[in-house]
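Visitor: Could you take me through a model and show me how to read its features with due care?

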Amino acid sequence: MCVVCGCSETGTSKPDSSPEVHPATGDLHFGAGPARVSVPGLTQQRTIKIEEDVLGANNVIATQNRAHFAAHGVRALNLVSSPGSGKTTLLCATIHALKAHAPNVDVAVIEGDQQTSFDADRIRATGAPAIQVNTGKGCHLDAPMVAQAFAQLSTHEHAHKHSHAHAHPHDHSHDDDHHNHGHEYGHHHDHDHGHEHHSHGAQSLLFIENVGNLVCPALWDLGEEAKVAILSVTEGEDKPLKYPDMFAAAQLMILNKIDLLPHLSFDVARCKDYARRVNPGITILELSATTGEGMQAWLDWLLEAPAHHHHASDEQHARQTRIAQLEAELAQLKAENPEPPRSPAARGSLPPEGARFALGRPGGES
Ligand SMILES: Nc1nc2c(ncn2[C@@H]2O[C@H](COP(=O)(O)OP(=O)(O)O)[C@@H](O)[C@H]2O)c(=O)[nH]1
Ligand SMILES: [Mg+2]
Ligand SMILES: [Zn+2]
Ligand SMILES: [Zn+2]
């Protein structure tokens, strides 16, 4: 668990991180205490407190992201996996397939990796907009990173004008049609119905490819609608049991690289069983990003499921109003507290409000 690593407050408290020892085998379990993790120099209570503070700060921003995505009609999906499971390959194939089968759907990608913009370049080569986020030593994306990356996406910039054009006039527009309250984009609004905000923006999908790591991205809410865990058949069918947090947090598991099954001794049924043991409600799709087998079911999942298709106007309206408020508050906060320049050592991006702890340690999977 990377949340608490790098904390400089060592030495003051007495460590109490003795592991549980298996009486028969001598195996050590460092996650058996109340914090479920061991941090040198920190007590279990202190560890829990730090984690709550840091994750709490993250969750505030994640909640804002979620409202922001909803206000823009964006369905955000957080793709999590170990490195090399095929996330970027799947995204490129998905973008091509959507162009052919659902050309009205906007797609944008936020790419998380420690270094390089290789993956963003691969996405941009498909024609879809992408923003690369390099986390440096950080081993996961956090909500503030995603907020900033989303702001960089030009599709967001465009959509924003729409959103803000709606956010205010709606307060006084429900009684009648005779006000001309100046929608800049001239699209029609039927205020008696629940669908007005979909009349102009086609549905849009925001894929967030997290840093390859099956451990801590499970903890970090980015404001996504769902986490999608990608497991490739070359990794072994036992991974859902070995990394249960990730598979418990995911709504969908994609079993990728099934074209390789003839060459392996991977037991598909057992893998699915393991995944359902940690998450009985998980949806599982088998797929090959390179041959395209199974792509249709994935596209169906992407295009069908979103709850925001069916939401009533009231809820949507409330969200729009709320997001306008939040954005105004955020702008005001930024104006009042200009961010100090970051030191290179702290580039792991901290949640705001004075979280003092360096987040992240590479290779959380060892
Ligand atoms: N055989 C096979 N290889 C795949 C598939 N998907 C991805 N790969 C390969 O797996 C490697 C890692 O893929 P990449 O998309 O970069 O994985 P990421 O690190 O999760 O983004 C590349 O060599 C891909 O060509 C698949 O469905 N079948
Ligand atoms: Mg990738
Ligand atoms: Zn991490
Ligand atoms: Zn916005």
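Guide: What follows covers confidence, a metal site and a helix pair.

Guide: This is a predicted model, in which local features need pLDDT of at least 70, side-chain atom pairs count only at pLDDT 80 or more, and totals for chains, interfaces and linings use all residues. Residues are numbered from 1 along each chain as its sequence is written, chains are lettered from A and ligands numbered from 1 in the order in which they are written, and side-chain values use heavy atoms, with hydrogens and water left out.

Visitor: What is the mean pLDDT of the protein?

Guide: pLDDT is the predictor's confidence in each residue, from 0 to 100; here its mean is 79, and 66% of the residues reach 70 or more. Over residues 163–201 it stays under 50, and where pLDDT is low, the predicted coordinates should not be read in detail.

Visitor: Which residues are the protein donors of the magnesium ion (ligand 2)?

Guide: Donors are N, O and S atoms within 2.8 Å of the metal (3.2 Å for Na, K and Ca), and as water is not among the atoms, sites may look incomplete. T88 (OG1), D119 (OD) and E209 (OE) serve here, lying 2.1 Å from the ion, with the sequence spacing T-x30-D-x89-E.

Visitor: Are T88 and D119 buried or exposed?

Guide: Buried means under 20% relative accessible area, exposed over 50%, and partly exposed in between (1.4 Å probe, protein chains only); T88 and D119 are both buried.

Visitor: Which residues of α1 meet α4?

Guide: Helices are DSSP runs (H or I, at least four residues), numbered from the N terminus, and contact means heavy atoms within 4.5 Å. N58, I61, A62, N65, H68 and F69 in α1 meet residues of α4 including P144 and F150.

Key. Helix = DSSP H or I, 4+ residues; strand = E, 2+ residues; numbered from the N terminus.
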